[in-house]
Amino acid sequence: MSRRLAALFFALLLVRSMAFAGGPLRVTGPAAAQSGQAFVWSTSSPISYTVDSGPLSVNPSGQPVITNAQGLARVKSLFQNWQSVPTTSISFAYAGPITGVTGGDVKTMTDFNTVTGSCNSGAQSPVIFDANGSLLDALGLDPLVIGLTSTCKLDAQAGHILSALVLMNGKFQDGVSTPNSDNFEITADQFDEAITHELGHFSGLGHSQINVEVFGNGANNCDPNELAGLPLMFPIAFCQSRKSVGLPILAPDDLAWISKLYPNASYTSNYGTISGFILFSDGITQTQGVNVVARRVDDPNTTADESKRIAMSVVSGFRFTGNPGQAVSGDNTNGSSFGSRNPALIGYYEIPVTPGTYTVQIEGIRSDFTGGSSVGPLDPPVQGVIGEYWNQYDSSSNDTSLKSTVTVTPGQTLTNLNFIMNGTPPRFDSNEEGEVRLSFPGHDGLFRVRKSIIVDGELS
């Protein structure tokens, strides 16, 4: 990429858990009354948050560039971006300055640790102003992080988010622009989009991958059609601001998923669902970690390309755990505390879509979307996925460019739009003969395996 800004990670998550993205950030696990459901805030009352009492940004001399009053107004308006979605029930309320530190201004790591502790206890959900980037420096994080989000406390049984934290790096708004340095300035609109992205994580949204071909255009020079459909919850900042080309801050995918997680009474009148399963080439075994994208069929009567502008996505197996655990090594018996263990969900996908006619396609997740920029329950992501469109005669050897269309009406759920992937290895199980490569001290090679594979820890 031509500039470091192009590789800037929006969300460096501090949570000590697995992110389930391409939809919800994480889903409930075995401890929940109902596993495999998105963690969301209760909407019985507005989600309260506290805000730093210091300036949002200061220049290198320590003089305020963005005052506290300006920063507070900005935070309120950025929360409003999500609350204003007409088909969602989510709402937010300012609960006053951050508590627990002198004057409510988080300046030092001692302050940060105190506030993080109160967030972990569920006492408050703070928005911290790192006015000069010093907190990020002290945390040892990349100075090119615009903001970060940490989910502090969850109710694992009910599936509710109880508290979360957001940090805004004011150094990006300090009036100093030095290319190829740690003090790179971005526009106010780009900064606001980055923090709105973080507030999406705060609300329970994960990353989404749509229109990944924007990387072929060069940083800050994205095609307007591709940018229109590029989710604000895309993992990295690459394009010019959406506002600069006359686009709303939220893309169709963002609108669809915040509405699905927090639907109001109008949701079913404005959305339907496309669902199905992703299968390996055997047509039986479900595949987790494949990106599924529903694209509106382009309208030839308009100059816009609706297939790029109106698209929604999810990752297969998003409700299933990315780490079910295993008892062999003794250090991962129960696996992750997140995600369902129901094998029927391993390759399942469902996508909320606005009414219309769509094509559906699968693709791999970019190999560099890992860690804080991961998409889907698997990190690192699955590689070697051969992209293809869904068609009604799908097989493991079909022409991948063939596509069938489906029409979705309000409130309708289309099921069993299943994909049989092309080019995956043959299935192997305990009732088949075959070869398997095993590596262990002193040995590395192909072994012939018949029927039972492991008996009391010994190869049989």
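**Sheet and helix packing**

In this predicted model, five strands are arranged as an open sheet with the order S5-S2-S6-S8-S7, and their pairing is mixed. The edge positions are taken by strand S5 (92-97) and strand S7 (147-155); each has a single partner strand, so one side of each is left without a neighbour in the sheet. From one strand to the next, the twist averages 20°.

Within the sheet, strand S2 (residues 47-51) and strand S6 (residues 126-130) run parallel and are joined by two bridges. Val51 has Val127 of S6 as its bridge partner.

Helices H2 and H4 pack on this sheet. Helix H2 (residues 109-120) touches S6, S7 and strand S8 (160-169), and the direction of H2 makes about 160° with that of S8. Helix H4 touches S2, S5, S7 and S8, and the direction of H4 likewise makes about 160° with that of S8.

Helix H4 (residues 188-203) also packs with helix H1 (residues 68-83), at an angle of about 60° and with the axes 9 Å apart. Because of this angle, H1 is oblique to H4. The H1-H4 crossing is right-handed. On the H1 side, the contact is made by Arg74, Leu78, Phe79, Asn81 and Trp82. On the H4 side, Ala188, Phe191, Asp192, Ile195, Thr196, Leu199, Gly200 and Phe202 take part. The residues of this contact comprise eight nonpolar, three polar and two charged.

How values were computed. Residues are numbered from 1 along each chain as its sequence is written. This is a predicted model: local features need pLDDT of at least 70, side-chain atom pairs count only at pLDDT 80 or more; totals for chains, interfaces and linings use all residues. Side-chain values use heavy atoms; hydrogens and water are left out. Axes are lines fitted to C-alpha atoms, for helices over the stretch in contact, and angles run from 0 to 180 degrees between N-to-C directions. Helices (H or I, at least four residues) and strands (E, at least two) are DSSP runs, numbered from the N terminus. Angles under 35 degrees count as roughly parallel, over 145 as roughly antiparallel, 65 to 115 as roughly perpendicular and the rest as oblique. A crossing is left-handed if the near helix is turned anticlockwise from the far one by less than a right angle, and right-handed if clockwise. Contact means heavy atoms within 4.5 Å. Ala, Val, Leu, Ile, Met, Phe, Trp, Tyr, Cys and Pro count as nonpolar, Asp, Glu, Lys and Arg as charged, and the others, Gly among them, as polar. Two strands pair if DSSP finds at least two bridges between them.
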